[in-house]
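Student: I am new to this structure and would be grateful for a close look at a single part of it. Please begin from one residue and then describe its surroundings in a connected way.

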Amino acid sequence: MPTPGQKRLLADVKSSLSRAIGEAQIEERDYRRTGCHLEVRLEGTGMRRAARCLKEKGFHLEMVTALDLIEAFELVYTYFNYQDQNLRVLVRVRLAREAKPYSVSEIFPSAIWLEREVYDFFGIRFKEHPNLTRIINPDDADYFPLLKTFGKTKFTAEIDDVLC
Amino acid sequence: MLTIKTIDDSNIHQRVYQLNLGPQHPSTHGVMHFILTLDGEVVVACDPHIGYSHRGHEKMAENRTYEQYLPNPTRMDYLSGLIFNYGYCQAVEKLCGIEVPKRAEYIRVITSELNRIASHMIGIMDFVMGLGAITPFVYGWDDREQILDLLEMVCGSRLTYSYGRFGGVRNDITQEFYDGTRRFIDRMRKRLKDYHDLITGNIIFIKRSENVGVLSKETALEYGVTGPTLRGSGVPYDVRKNEPYSAYPEFEFEIPTREEGDCLARYLVRMAELEQSLNIIEQALDRLPPGPIRADVPRFITPPPGEVYFSFESARGAVGFYIVSDGSRIPYRIKVRSPSFSNVFVMSKICPGHFLADVIAIFGSIDVTVPEIDR
């Protein structure tokens, strides 16, 4: 159960987020099952507005990652507030396959590396990123390893058949 | 009349140059590579390069079942592997809604705090060895050796543990382990005094670490720094207190912080944490409840579709396991938020303006594990 302080901050964050991006896309989540208090759903844009809004409330950018949903990508950002109340907000951005999302690195410098990692593994090109190059894979790599199409062989297909 | 001739320096060009520190260098604690831009001996820019020990743990997760992935998290951070092992188990338990028996939670706390001490021992001693003090390093490894012997009794391995299971742990602790841990606590408390005498009061150590690599609260927030590095900057953020998990709410312990934010502060925070870990282990041993050590969980688990973010405190900071399940026996995606990844990036911000030798001190005081950065 959220504490009174968490409820206050939750209502505060919700109202300022809904001013920034629209109310329909914000949803409360069960912390005990998902580990997040609030989920924000966005379509293609708005991650910068959300990031700016959350930074004002004292959140820090914890993680950026992507999901390969075959027909589309989904960017997942988690923000955590350790200064005021312990609150985690998950921002989910649905992207078309070839879309170029905006980088949040000018708001949170930690995103410079986190977004480079997303580019490195998924091939998602962030706009206005200061240095979007390979970070973990070799500089001359021509593959994006975490795409679902990467590394599929006859052998792994057999494993999938047996296990799924 | 005497005229003093000075050297005409208008023809001497001051040039900045680049120096590669690593990837093969003893004080980079693994295969870490820094490209330093230097002006004389002063660092102008520091550019950390990572990826030399990337093994694709996140891709591996997409090709094996939840049970088959159990040994992998340990290999990410090999120094506090047990904590990662439990963290993965707890994330999956949260996803499936599995309740863990109390005795198992206590055993997890005891062993992960032992592992934290072992990891901090390396962190501290590698740091001071980077500054030229070889003797404390040997003492520190002696203490770590005692812990590895204890953990070997219950886990069966010394470094790459795979002791946690979904719903509990693999096997119960023995009386030998119980007594040995008691003895270790007494021994370690005496040794901590020795370490303070040997290192903390040493004038060379203080000169090398005080006011070096000062990290402000604001920078730490912007760069996502966590763990002892953040607590050295005066922020009392520890996942064990902020988002209590496992049996941690049942124990009394403090979160040591320092306001200075320099290398010395980070060292002192780690030293204080050793004492707190010993207190936690002692309390857990005193109140170790009887009962089963593993919940009744099917041999092969199939989590319901959904996702979970589980955060826990490793020896280096807040780790996050983000698991997405599509309802099959293979995870759809496992993303690990590793603390060292964010902690090492902040070096590009705090190193400029320091001497080259201070880069080693800063890197040592942040205490990163390279395989955890690369995964």
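Student: In which loop of chain A does A:Glu128 lie?

Tutor: A:Glu128 lies in the loop between α4 and α5 of chain A, where α5 covers residues 154–163. The model is a predicted one, and the values that follow are computed from it. The backbone of A:Glu128 has a phi near 60 degrees, which is a positive value in a residue other than glycine. Its relative accessibility is 52%, and the limit for the exposed class is over 50%, so A:Glu128 counts as exposed.

The helix on one side of this loop leads to the rest of the chain. Helix α4(A), residues 111–122, lies across β3 and β4 of chain A. Its direction is about 10 degrees from that of β3(A). Helix α3 of chain A, residues 47–56, lies across β2, β4 and β5 of chain A, and runs at about 5 degrees to β4(A). Strand β4(A) is thus named in the description of α3(A) and in that of α4(A).

These strands belong to an open sheet of five strands with mixed pairing, in the order β1-β2-β5-β4-β3 of chain A. At its edges stand β1(A), residues 26–28, and β3(A), residues 60–68; each has a single partner strand, so one side of each is left without a neighbour in the sheet. On average, neighbouring strands of the sheet are turned by 20 degrees against each other, direction ignored.

The pairing can be followed from one edge. Strands β1(A) and β2(A) pair in the antiparallel sense over three bridges, and A:Glu28 stands opposite A:Leu38 in β2(A). Next, β2(A), residues 38–43, pairs with β5(A) in the parallel sense over six bridges. Within β5(A), residues 87–95, A:Arg92 stands opposite A:Arg41. At the other edge, β3(A) is joined to β4(A), residues 73–81, by eight bridges in the antiparallel sense. There, A:Ala66 has A:Leu75 of β4(A) as its bridge partner. As a general point, the side chains of a regular strand alternate between the two faces of the sheet.

The chain as a whole gives the setting for this part. Chain A has five helices and five strands, and from the N terminus on its elements run α-β-α-β-α-β-β-β-α-α. Its C-alpha trace spans about 55 × 40 × 25 Å along the principal axes. Of its 164 residues, 57% count as buried, whereas A:Glu128 counts as exposed. Among the contacts in chain A with a separation of 6 or more, 51% are between residues 24 or more positions apart.

Chain B offers a residue to set beside A:Glu128. B:Ser246 has a phi near 50 degrees, again a positive value in a residue other than glycine. It is found in the loop between α10 (239–242) and α11 (263–286) of chain B. With a relative accessible area of 22%, B:Ser246 is partly exposed.

The helix α11(B) has a packing partner in α4(B), residues 102–130: their axes come within 9 Å and cross at roughly 155 degrees. This angle makes α4(B) roughly antiparallel to α11(B), and the crossing is left-handed. Residues of this contact include B:Leu114 and B:Ile117 of α4(B), together with B:Leu274 and B:Ile281 of α11(B). By class, the contact of the two helices has 17 nonpolar, two polar and four charged residues.

Notes:
Residues numbered from 1 in each chain as written. Chains lettered and ligands numbered in written order. Predicted model: local features only at pLDDT ≥ 70, side-chain atom pairs only at ≥ 80, totals over all residues. Heavy atoms only, no water. Pairing = 2+ DSSP bridges. Helix = DSSP H or I, 4+ residues; strand = E, 2+ residues; numbered from the N terminus. Axes fitted to C-alpha atoms, helices over the stretch in contact; angles between N-to-C directions. Contact = heavy atoms within 4.5 Å. Buried < 20%, exposed > 50% of the residue type's maximum accessible area, 1.4 Å probe, protein only. Parallel < 35°, antiparallel > 145°, perpendicular 65-115°, else oblique. Left-handed = near helix turned anticlockwise from the far one by under 90°. Nonpolar A, V, L, I, M, F, W, Y, C, P; charged D, E, K, R; others polar.
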